[in-house]
Amino acid sequence: YVGRINYVKGIHILLEAFSKIDNPYIRLHLIGGAGNKAESLYMNRLRRKYKKDLRIKWLGKVPYEKMAETTKEFHCLIHPTICLEIFGLDIAEALQQGKYVIATRCGGAEMQIHNEKEGLLVEPNNAEFISNAIQVFIAESKCSNANVNSIGNHTDELINLYRGILYQQ
């Protein structure tokens with residue numbers, strides 16, 4: 001997620017949806033912060049509620065010039081807004097980077113996403129729909145634990161790399 005941490009952005013729906021997914025290999029990165037006292041209270045309440053889920057990473061505000069670097073390894077943008085969004089700049093930027101987008105049907109997303117091509121459009125204010133969309137994305141993508149390199153394989157690769165370097169000298 002990228003944007004303000006605000007009730008109308010649907011962060012509470014996103015976190016509820018994410019908490020329904022039983023997969024220890026996925027992460028949810030939340031980029032953004034609160035702009036006023038009410039938003040700070042909302043954000044802090046959510047952080048407390050989901051603090052035991054170590055898969056959730058609160059990155060805070062990221063300077064615009066560092067955004068591409070910060071998000072380059074991410075596979076998907078989730079745009080869970082429950083209010084009318086005129087455009088959705090975060091959607092445009094994610095699509096430009098070739099990222100898949102899961103977004104609610106709240107205006108701007110429908111103008112940018114061809115459903116089931118660049119992303120999935122779901123009804124707003126429904127954690128079940130977002131959770132299902134995330135699970136579809138995981139099942140159909142390379143974001144499963146099958147792509148996780150085991151410690152043993154990683155160690156073997158490093159040893160072979162070092163041996164190759166030593167033999168070349």
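**Exercise 1. Classify asparagine 125 by exposure, then place it.**

Asparagine 125 has a relative accessible area of 48%. Buried means under 20% relative accessible area, exposed over 50%, and partly exposed in between (1.4 Å probe, protein chains only). Asparagine 125 is therefore partly exposed. Next, its place: the loop between β5 and α6 (127-140). Helices (H or I, at least four residues) and strands (E, at least two) are DSSP runs, numbered from the N terminus. Last, the backbone: phi is positive, about 65°, although asparagine 125 is not a glycine.

**Before going on.** This is a predicted model: local features need pLDDT of at least 70, side-chain atom pairs count only at pLDDT 80 or more, and totals for chains, interfaces and linings use all residues. Residues are numbered from 1 along each chain as its sequence is written, and side-chain values use heavy atoms, with hydrogens and water left out.

**Exercise 2. Do the same for glutamate 116.**

Start with the area: 63% relative accessible area, so glutamate 116 is exposed. Then locate it: the loop between α5 and β5 (119-122). Finally, check phi: near 70°, positive in a residue other than glycine.

**Exercise 3. Describe the surroundings of glutamine 112.**

First, the element: glutamine 112 sits in helix α5 (residues 108-112). Second, exposure: relative accessibility is 14%, so glutamine 112 counts as buried. Third, contacts (heavy atoms within 4.5 Å). Leaving aside neighbours within four places in sequence, glutamine 112 touches Phe87, Gly88, Ile91, Ala92, Leu95 and Glu118. Fourth, a distance: a polar atom of the glutamine 112 side chain lies 3.3 Å from the backbone oxygen of glycine 88.

Note on methods. Polar contact = N/O pair within 3.5 Å; in protein donor to acceptor, adjacent residues only side chain to side chain.
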